[in-house]
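Reader: I should be grateful for a close look at a single part of this model. Please take the pairing of its pieces and the charged contacts together, and state the cut-off behind each term.

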Amino acid sequence: MSSLNVTTAFLSLRQPEFFSDNANRRCLIGNFPSRKPTRPLSVAANSSEPLLSTPAEKPEIELEFIGPKPGSDGSFPVDTVKAISGDKLLRNIMLDNKLELYAPYGKLMNCGGGGSCGTCIVEILDGKDLLNERTNTELRYLKKKPESWRLACQTIVGNKENSGKVVVQRLPQWKK
């Protein structure tokens, strides 16, 4: 009975990239900026055929968005979305999934995610530890608001390593 040795290597078949720096051309060899992740390649010692293995799953954050006003039955609508940890801002996740983020005034007068208007306020009801710390912009705009309130345009969901559940109240200023 022979043993099978498996070697794992990362293979990239991209062309070298040149960058202009003060009219001097230089090539970054061996340290290419990554456009997309490479796939691990496993090769068996007694076989000439590579075995492609699937990359590890990226951690996901489950987000529950609670609507600002109760429905006709008295319950608040809840939308559930999943996002890759550390990949997007809360604002972008909400807009990508067509979830109401702005009050009527904010729909017309928002800054487009630049952190200069304060119209994308949300309240984090659960999972605060899965988000980044408040930024200086948030500290300025939300200094008289509850600690649980955040600006969606400044809030990064996850840190690329954690996973879990975050519960978000949309338009908390409308709650009664």
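Author: The account below begins with the whole chain, turns to one sheet, and then follows the charged side chains.

This is a predicted model, in which local features need pLDDT of at least 70 and side-chain atom pairs count only at pLDDT 80 or more, while totals for chains, interfaces and linings use all residues. Residues are numbered from 1 along each chain as its sequence is written, and side-chain values use heavy atoms, with hydrogens and water left out.

The protein chain contains 3 helices and 10 strands; helices (H or I, at least four residues) and strands (E, at least two) are DSSP runs, numbered from the N terminus. Read from that end, the order of elements is β-β-β-β-β-β-β-α-α-β-α-β-β. Of the 176 residues, 32% are buried, where buried means under 20% relative accessible area, exposed means over 50%, and partly exposed lies in between (1.4 Å probe, protein chains only). Contact here means heavy atoms within 4.5 Å. Among contacts between residues at least 6 apart in sequence, 60% join residues at least 24 apart.

The part to examine is an open sheet of 5 strands with mixed pairing, in the order β7-β6-β10-β8-β9. Its edges are β7 (78-84) and β9 (149-151), each of which has a single partner strand, so one side of each has no neighbour in the sheet. On average, neighbouring strands of this sheet are turned by 35° against each other, direction ignored; the axes are lines fitted to C-alpha atoms, for helices over the stretch in contact, and angles run from 0 to 180 degrees between N-to-C directions.

Strand β6 lies between β7 and β10 in the sheet order. Two strands are said to pair if DSSP finds at least two bridges between them. Strands β6 and β7 run antiparallel and are joined by 7 bridges; one of the residue pairs is Leu63 with Val81 of β7. By contrast in direction, β6 and β10 run parallel, with 6 bridges joining them. Along this parallel pairing, Ile61 has Gly164 of β10 as its bridge partner, and Ile66 has Gln169 of β10. Strand β6 is mostly covered, 5 of its 7 residues being buried.

The charged contacts add to this picture. Side chains of opposite charge can pair when their charged atoms come close. A salt bridge is counted when a side-chain nitrogen of Lys or Arg is within 4 Å of a carboxyl oxygen of Asp or Glu, and by this rule there are 6 salt bridges. One of them joins the side chains of Glu64 and Lys165, at 2.8 Å from N to O. Glu64 lies in strand β6 (residues 60-66) and Lys165 in strand β10 (residues 164-170), so this pair ties together parts that are 101 residues apart in sequence. Glu64 counts as buried because its relative accessibility is 19%, and Lys165, at 37%, counts as partly exposed.

Strand β10 has a further charged contact: Arg170 forms a salt bridge with Glu100, the closest N and O atoms being 3.9 Å apart. Here too distant parts of the chain are linked, for Arg170 is in strand β10 and Glu100 is in the loop between α1 (90-96) and α2, 70 residues apart. At 6% relative accessibility, Arg170 counts as buried, whereas Glu100, at 30%, counts as partly exposed. Salt bridges that share partners join Asp79, Glu100, Lys107 and Arg170 into one network.

Another salt bridge may be set beside these: Lys88 pairs with Asp96, with the closest N and O atoms 2.4 Å apart. Lys88 is partly exposed at 33% relative accessibility, and Asp96 is partly exposed at 47%.

Finally, the loop between β9 and β10 holds Gln154, which counts as buried because its relative accessible area is 15%. Leaving aside neighbours within four places in sequence, Gln154 is in contact with Leu89, Gly114, Gly115, Asn132, Thr135, Thr137 and Glu138.
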